[in-house]
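Reader: Please take me through one part of this model in detail. I want the strands and the residues around them, in plain terms.

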Amino acid sequence: MPSPSSWPCPKKVGRYNSMKNVAHRASMAWDDGLRQLGIRVHPEHGLGNRLPEGLRYAAVWLVRKNRTARNRWAAHVPIAVLVTPQSFGSGIASVQGWDAGADDGAGAWIPYPALLLKLTRLAEVSLPGSEAGAEAGKRGSWRRGMEEQRRDMEEWLQKMRRSLRGTPTVLLAHGQNARSHWTWLQDGRVEPDRIRDGHARARRLDPDLRLVRVRTARGRETAQWWGVNPKDGPNGLPSHL
């Protein structure tokens, strides 16, 4: 590890100015350090007993592995993180990651630092038709690779979802990030209070599980609405959506 004297210091040279965001950079450094250790400062809700005691938060995210000389097609690796708040009022939560290969293939939640160390191995995805040469150029290679990734995603989701049973949990999935592989999240397919993570039809959620599909302004998909200005300004579409 480099000595503190060699660390980059905030400076202002020409158009480069890192002085104005020193506080933000310091905050992000501490935040990332706690994340690497698997410990988070957890913002607690104020809804009292309207939410079940011991509620956990799980989230799914697809990490993109760009194509290389060895791998002609881009691949996506599913990652799941589980945040478990500690005693209420402490503001502390532990963070775990889902390792699908643990426990003889049944999968298990492992400490988040351990998951980070395994990400490189998890990203090594072999795809049909990914070999260099003529095979990579055959028609349909990309489609076959995508179909295999979707099947793997469904199997991964089923194992991960079963591990959440028995404890109240909110499962969050980013629609724009995951819908290419978890196709049930697409508009026109997703259904309230149900879930489909395989070839079977959508079924009711487990009693202790709630699914939240998150959609952001990515791709300008979040709908805007007409707003009435509370002051003397013009009415119209509100900004910052």
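Author:

**A close look at the strands and their surroundings**

Gly38 comes right after helix 1 and has a positive phi, near 80°. Helices here are DSSP runs of H or I with at least four residues, strands are runs of E with at least two, and both are numbered from the N terminus. This is a predicted model: local features need pLDDT of at least 70, side-chain atom pairs count only at pLDDT 80 or more, and totals for chains, interfaces and linings use all residues. Residues are numbered from 1 along each chain as its sequence is written, and side-chain values use heavy atoms, with hydrogens and water left out.

Helix 1 itself covers residues 22-37. Its 16 residues reach 23 Å from first C-alpha to last, close to the 22 Å expected at 1.5 Å a residue. The expected span is 1.5 Å times one less than the number of residues.

Now the strands. Strand 4 spans residues 56-65, and Arg56 belongs to it. Strand 4 runs antiparallel to strand 5 (residues 75-85), joined by nine bridges. Two strands count as paired if DSSP finds at least two bridges between them. Lys65 has Ala75 of strand 5 as its bridge partner.

Strand 5 also pairs with strand 6 (residues 92-99), again in the antiparallel sense, over five bridges. Here Pro85 stands opposite Ala93 of strand 6. Strands 5 and 6 form a hairpin with six residues between them. In that turn, Gly89 has a positive phi of about 100°.

Back to Arg56. Is Arg56 buried, and what is its nearest side chain of opposite charge? Arg56 is buried (under 20% relative accessible area; exposed is over 50%, partly exposed in between, with a 1.4 Å probe and protein chains only). Arg56 has no salt bridge, that is, no side-chain nitrogen of Lys or Arg within 4 Å of a carboxyl oxygen of Asp or Glu. The nearest side chain of opposite charge is Asp208, 8.0 Å away. Lys and Arg count as positive, Asp and Glu as negative; His and the chain ends are not counted. Arg56 touches, among others, Val83, Thr84 and Pro85, and also Leu164 and Pro168, leaving aside residues up to four places away in sequence. Contact means heavy atoms within 4.5 Å.

Two further sites lie outside these strands. Asp193 is in the loop between helix 4 (175-178) and strand 9 (194-195). Asp193 is not a glycine, yet has a positive phi of about 65°. Asp193 is partly exposed, at 49% relative accessible area. Gly219 lies in the segment after strand 11 (209-214). Gly219 is exposed, at 66%. Gly219 and Gln176 are 43 residues apart in sequence and 8.4 Å apart in space, C-alpha to C-alpha.
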